[in-house]
Amino acid sequence: MARAAPAFTCTACGAVHRKWAGRCDACGAWNSIVEETPLAAGPKGVTARGRTVALSTLAEAEAPPPRTVSGMAEFDRVLGGGLVPASAILVGGDPGIGKSTLLLQAAAAVARAGLSCLYVSGEEAAAQVRMRAQRLGLADAPVRLAAETSLRDILTTLDAERPGLAVIDSIQTMWLDSVESAPGSVAQVRAAAHDLVSFAKRRGTAVILVGHVTKEGQIAGPRVVEHMVDTVLYFEGERGHAFRILRAVKNRFGPADEIGVFEMTGAGLAEVANPSALFLSDRDRPSPGAAVFAGIEGTRPMLTEIQALVAPSSLGTPRRAVVGLDAARLSTILAVLEARCGIPFSGLDVFLNVAGGMRVAEPAADLAVAAALLSAREDIALPADTVVFGEISLSGALRPVGQTENRLKEARKLGFTRAIAPARSKLGAGEGMRVRELSDLTAFVGEMFGAG
Ligand code: TYD
Ligand code: MG
């Protein structure tokens, strides 16, 4: 039988190439392509006859999966209401962001809730994990621990123990002796993830895989792993900030885009039940350049402060620095302000930031961004009791956004009394807020800053 041709895979984007190249055509990354050992073909290939698989109908009654609620509410929320048996979960994040801490705490919570738990560390020695557990006050939790990287041994152990939850920290350290490439390579990671996911499905064990993320923000090498698992969670946060956000980007058992908010403390990760209060905590008096955005993260409303600084530029091309928001979105909003409202930002450096290290991806933040930019440019503070939300279209019109009532309710809860929103926002009772509805950006500029 002819030997299968070798395949070359990009570790950054997972694209498959026929030959090695210094640069990946698909994503443009340099030195990211590695050779993969092809899988051996089956004994008779696809011509051998298989058996007929059993077929069923869609109507057959299916009970919702019995979930284990760990009691760590932010973790349960992101999973869609608790841990589903036989599910495979990937938790990605930068090295040092707190993945091991989170999962040790989660494993302890799940174990205390009555599910047998096994924590396999491929990165730290058992003594190190034990020391951390003691520091976190988890030493008495019935979690069993192994420090091992040989996947064959781990799978044999899992098969014998049949735990309810197995945490593998991390997938990049696992290796299979049947795969020729080095630990951490795409082939190893893919094979290890495949074996662990099929173990989960076969034996009903929930498996959590930890994956390190590369600088480009993808789970190192194994983007492929994302397709194999049921749930992909990212653990993110800014270095220098204590807030950590666990974000579901894919979830077969719950809503995607759900977030859990934590704070890294000396005693591990503390859950933050009311993130709005936290992200707005240091607002004592109104300052120019700040606007409070009433946003929605997943299923929950969340207020964040958008901050802008506008200063004369000494550069030919003024600077546009953005943290926590999409840079392309800033360019669009600046262009709309210039073209539709006649407010130029050329010759001005613009710095834009979401307070507290939060990241905002909603288009509904447009109006708050515009408000912060205008407030910074005109050096006029927005009223301290006002929240802002709405999408800006290229024509300068304000488009209504979803979940208006939830946004207003959260703002009311945090002591705000006024809101600026797009016209036709489908307001109900207004939730005790005075809402100013505006149809376009020019009207907003006129209202807030006296016609710019
Ligand atoms: P860790 O969970 O080891 O990160 P990862 O597994 O993602 O690489 O967390 C490492 C960081 O967390 C480390 O810089 C110290 C900090 N930390 C605390 O601040 N408090 C704690 O209680 C613990 C356990 C860690
Ligand atoms: Mg770790």
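**Figure 1. The protein chain of this predicted model is divided into three stretches: domain 1 (1-38), domain 2 (73-273) and domain 3 (277-449).** Between the C-alpha centres of domain 1 and domain 2 there is a distance of 28 Å. If you step back to take in the whole protein chain, its C-alpha trace extends over about 75 × 50 × 50 Å along the principal axes. Its secondary structure comprises eleven helices and 21 strands. Of the 452 residues, 48% count as buried. Looking at contacts between residues at least 6 apart in sequence, 65% join residues at least 24 apart.

**Figure 2. An open sheet of three strands has the order β2-β1-β3.** The pairing here is antiparallel. Strands β2 (16-17) and β3 (33-36) sit at the edges with a single partner strand each, so one side of each has no neighbour in the sheet. Look next at how strand β1 (residues 7-10) meets β2: two bridges join them. Phe-8 has His-17 in β2 as its bridge partner. In general, strands of a sheet pair through backbone hydrogen bonds, in either a parallel or an antiparallel way.

**Figure 3. Helix α4 (residues 151-161) has a buried side and a face turned away from it.** Which residues of α4 are buried? They are Leu-151, Ile-154, Leu-155 and Leu-158. These four span an arc of only 95° around the axis, which is why they fall on the same side of α4. The spacing fits a familiar rule: an α-helix has 3.6 residues a turn, so residues three or four places apart point the same way. On the face turned away from the buried side you will find the exposed residues Thr-156 and Ala-160. What do the buried residues of α4 pack against? Their packing partners are β5 (117-121), β7 (165-169) and α5 (186-203).

**Figure 4. The loops on either side of β7 hold a positive phi and a cis peptide bond.** Arg-162 comes just after α4, in the loop between α4 and β7. Its phi is near 45°, a positive value in a residue other than glycine. With a relative accessible area of 45%, Arg-162 is partly exposed. Further along, the peptide bond from Asp-169 to Ser-170 is cis, and its omega is near 5°. Ser-170 belongs to the loop between β7 and α5. As a reminder of the background, most residues other than glycine have a negative phi, and most peptide bonds are trans.

**Figure 5. Strands β15 (residues 320-323) and β16 (residues 348-354) run parallel and are joined by four bridges.** On the way from β15 to β16 the chain passes through helix α8 (residues 327-341), and the resulting β-α-β crossover is left-handed. Within the pair, Arg-320 stands opposite Val-350 of β16. Both of these residues also appear among the contacts of Phe-345. Leaving aside neighbours within four places in sequence, the other contacts of Phe-345 include Val-310, Leu-334, Leu-337, Glu-338, Leu-373 and Arg-377.

**Figure 6. The largest nonpolar core has 62 residues.** Which residues have the most contacts inside this core? They are Ile-306, Phe-345, Leu-373, Val-387, Leu-441 and Phe-444. Helix α9 (residues 366-378) gives the most to the core, contributing nine residues. At least three residues come from each of domain 2 (73-273) and domain 3 (277-449). A second, separate core has 35 residues, among them Val-110, Val-129, Ala-206 and Leu-233.

**Figure 7. The loop between β19 (398-399) and α10 (404-413) contains Gln-403 as well as Pro-400.** Although Gln-403 is not a glycine, its phi is positive, at about 55°. Gln-403 counts as partly exposed, at 38% relative accessibility. Pro-400 is partly exposed too, at 32% relative accessibility. Where does the chain come back to Pro-400? Arg-424 is 24 residues apart from Pro-400 along the chain, and their C-alpha atoms are separated by 6.4 Å. Neighbours within four places in sequence aside, Pro-400 makes contact with Pro-422, Ala-423, Arg-424 and Ser-425.

Definitions and conventions:
Residues are numbered from 1 along each chain as its sequence is written. Chains are lettered from A and ligands numbered from 1 in the order in which they are written. This is a predicted model: local features need pLDDT of at least 70, side-chain atom pairs count only at pLDDT 80 or more; totals for chains, interfaces and linings use all residues. Side-chain values use heavy atoms; hydrogens and water are left out. Two strands pair if DSSP finds at least two bridges between them. A crossover is right-handed if, with the strands pointing away from the viewer, the path from the first strand over the helix to the second runs clockwise. Domain bounds come from an automatic or database domain assignment. Buried means under 20% relative accessible area, exposed over 50%, partly exposed in between (1.4 Å probe, protein chains only). The arc is that of the directions from the helix axis to the C-beta atoms. Contact means heavy atoms within 4.5 Å. A nonpolar core is a set of buried Ala, Val, Leu, Ile, Met, Phe, Trp, Tyr and Cys residues joined through side-chain atoms within 4.5 Å.
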